[in-house]
Amino acid sequence: MASLLGTILKHPEEIYPMLKMKMVIRKAEKVIPDQKPHWVFCYTILHKVARNFALTIQHLDSQLRDSILVFYLVLRALDTVEDDTSLPSKVRIPILETFHLRIADPRWSFSCGTGDCKILMEQFHHVRTAFLELKRSHQDVIREVTRQMGAGMAKFICKEIETIEDLNEYAHYVAGLVGLGLSKLFYASGTEDLAPESLSNSMGLLLQNANIIRDYLEDINEIPMPRTFWPRQVWSKYVHKLEDLKEENNSKKALQCLNEMVTNALVHVPHCLKYLSALRDPAIFRFCAVPQVVAIGTLALCYNNIDVFRVALKLRRGLTAKLIHQTRTMSDVYDAFSQFTSIMKAKVEPDDPSASTTLSRIEAIQQICKQQNSKTPKQQREHCKVNKELGYHSPQGVAIYVAICLAFAYLYSSVLNIYFVYTGHLSQGVKENRGPQYTPVLVDDRFV
């Protein structure tokens, strides 16, 4: 509790977003649009396997919302098969490769995974029933993305990530395809133009790269065997084995390797900004934008940060809640990317091998944000100034919010760990993380 109060005192502007998020989540958990048993199951299990994602789809058009819900659950089930390393490869690979054929097969069932994901697999017939009620065009999108993703997952069960090209290919299968699928669902619903595949793919790749970088320690310590997503082409410049990066005597080399990974991820940012700027529907915009803002925040947190190799690193819950609360317009996105890249820029060390490339990519991103934001109406540009206008940093503001936190401290202790994909699977990977990821929004941990 002392640590919690200390964080609140240091960041009082995050109290309101945290409280609001908690209330919105509780409200969303009670909303099930259709009372048919299969839809009740789908919405209920979504809140258990991807609570943040469940929150972000609430404001979408009902038909689109149902399709994206089923899309997520199908890919989450696929991801559960990929992640269950207790199953031998010879069992997982055929299932991954044919999963798209099983979505509508009433005779098929398979139990794997743990916890709520195991329940999802055992009760998958409910997802199947919901899937068959979707528009045929939406079914076709989901089936085709599942086919391609399953084939890609099967390929990388037996293939190491050796090069940056391998990493991009893997990220395409588990995250980029989610972006492509969502874009096609937006288009099929009549709400958006069909985005270029390169832009849709980059939306997933930025999220996946941020997760892979952040989750180095979790993946390398995986039981029964490490999960290795950092390409040998990068880490072999600095150490003999990927796990050597976590050794204290390799701290400097570890940071240099980390910084190169982050720099490589920044190449996807311009495409993501272009994709977001073309969206017209406000609900779809927020659904897509929040995960990207969280991703650039995660990269800024990780850059030149030795804690990536020491502890489980995540954005503060309050900061994530604030980003969700504030991300409403394209201007807000430009401001967030500009601010987070500025944080990154301040941490660049001149002797870092990737320094010049890092600074060049940061400058390119900031130029896009500056030029495009100048074209945005003044009213939208001023939206991001909410912190100063609400006076969160004034003595009176601090006192008021400290009082609030003392009165409602029990709420904070249960505030969910907010963190977006397109994951995220949709978020939990969307593994709970490395799997499909969308974004979306707060990608959960993967397709989080």
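Three exercises with worked solutions follow.

This is a predicted model, in which local features need pLDDT of at least 70, side-chain atom pairs count only at pLDDT 80 or more, and totals for chains, interfaces and linings use all residues. Residues are numbered from 1 along each chain as its sequence is written, and side-chain values use heavy atoms, with hydrogens and water left out.

**Exercise 1.** State the confidence of the chain and locate two stretches where pLDDT stays under 50.

Solution. pLDDT is the predictor's confidence in each residue, from 0 to 100. Its average over the chain is 84, and 77% of the residues score at least 70. Residues 379-395 stay under 50; the model has 28 contacts for them beyond four places in sequence (contact: heavy atoms within 4.5 Å). Residues 408-448 also stay under 50, with 272 such contacts.

**Exercise 2.** Describe the setting of Asp84 and its charge partner situation.

Solution. Begin with position: Asp84 sits in the loop between helix H5 (62-83) and helix H6 (89-102) (helices are DSSP runs of H or I, at least four residues, numbered from the N terminus). Next, contacts: leaving out residues up to four places away in sequence, Asp84 touches Arg92, Cys112 and Gly113. Last, charge: Asp84 is buried (under 20% relative accessible area, 1.4 Å probe, protein chains only) and has no salt bridge (a side-chain nitrogen of Lys or Arg within 4 Å of a carboxyl oxygen of Asp or Glu). Arg92, the nearest side chain of opposite charge, is 6.8 Å away.

**Exercise 3.** How many disulfides are there?

Solution. A disulfide is a pair of cysteine sulfur atoms within 2.5 Å. The count by this rule is zero. Take Cys112: its closest cysteine sulfur, in Cys117, is 8.9 Å away, so the two are too far apart for a bond. Cys112 is buried, at 4% relative accessibility. Cys42 is buried as well, at 0% relative accessible area.

Methods. Helices (H or I, at least four residues) and strands (E, at least two) are DSSP runs, numbered from the N terminus. Buried means under 20% relative accessible area, exposed over 50%, partly exposed in between (1.4 Å probe, protein chains only). Lys and Arg count as positive and Asp and Glu as negative; His and the chain ends are not counted.
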